[in-house]
Amino acid sequence: MKCLLRNRVSFANHSTLVPGPGKYRRLMRETLNAMSGTHPAPDARDLLLDAMLEGSTTKRLVLSNAHFFGLPQTAVRQGQLYSNAGLRLSQFANLFEHDDVSLFLTIRNPATFLPAVLRMSQQEKMEGLLGKRDPREVTWSEMVSRIREAVPHMPITVWCNEDNPLIWSRIVREMVGLDEHEQIIGALDLLSEIISPAGMRRLLAFLSEHPNMPDAQQRRVMTAFLDKYGLQDQIEEEIDIPGWDTALIDEMTQIYDSDLAALQAIPDLTLVLP
């Protein structure tokens, strides 16, 4: 969100508006909650747009909300990821039925996602999230398949949170509708958090010497610098869940990697990989 807002002036020059989250998150939540089991009020869309646009005009709106599908305490129920995701998007699509709506969604290895949700939820044990389900059964393709069933024609772009430092500028450009040569303020902020300061200085110097480097080649360069100067304590994550050993975490990670193929098979879905 901070990156999008830092670029809002240049995005506006491309007919894309990034409103501050305070202008729509609460209002959007209340509107969608009021739609439970019914159609939106005739003026609901226009009221929301008036609040977000504040008199401006635009061709594209970029809205962001990490809790759009639900708060952390409802993110995982009986081993199912975001059980309300399909309903929420269906309501949103009905609200903006005459507009082109696309979903951009980042996913994360369940081996690290589930512990993170547990820390933020009201549950004390992993069983409170999973019920009787095995953690190896938790997949993003199952959730996205439910979304596809709920909104059959909505374009979906998916990428892995673990890849964010390498592909963030590409994700932002696709979100906003820019070509690959447009500069993004903060494009390397995530990478700078996991590379040593000396390595980051050398990377920035190298990129400044090659300003017209294609995105794909730039990602290869970034990967090489990450291999050499990466901060292991920032790259590796410690997982401490009773009953979870290294073998289980490795197996969940392999399942997560394999799940990407299942995601790619879902119609009208774009999977962005480094």
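This passage describes one residue, I184, and the largest cavity in a predicted model.

I184 sits in a loop. That loop joins two helices, α9 (164-176) and α10 (189-192). The residue is buried, because its relative accessibility is 8% and the cut-off for burial is under 20%. Several residues from elsewhere in the sequence touch I184, once neighbours within four places are set aside. Among them are C3, N7 and F11. S169, V172, R173 and L178 are also in contact with I184. S36, by comparison, lies 148 residues from I184 in sequence. In space, the C-alpha atoms of I184 and S36 are 38 Å apart.

The search for enclosed space comes next. Rolling a probe the size of a water molecule over the atoms shows where empty space is left. In this model, one cavity of 30 Å³ or more was counted. The largest cavity holds about 40 Å³ of space.

The lining of the largest cavity consists of L166, S169, D215, Q218, R219 and M222. Two helices, α9 and α12 (215-229), each supply at least two of the lining residues. The greatest share comes from α12, which gives four residues. In chemical character the lining is mixed: two residues are nonpolar, two are polar and two are charged.

S169 links the two parts of this account. This residue is in contact with I184, and S169 also lines the largest cavity.

Technical notes
Residues numbered from 1 in each chain as written. Predicted model: local features only at pLDDT ≥ 70, side-chain atom pairs only at ≥ 80, totals over all residues. Heavy atoms only, no water. Buried < 20%, exposed > 50% of the residue type's maximum accessible area, 1.4 Å probe, protein only. Contact = heavy atoms within 4.5 Å. 1 Å grid on protein atoms, 1.4 Å probe; cavity = no way out; pocket = protein on both sides within 12 Å on 5 of 7 lines; lining within 4 Å. Points joined across faces, edges and corners; volume = space filled by probe spheres on them. Nonpolar A, V, L, I, M, F, W, Y, C, P; charged D, E, K, R; others polar.
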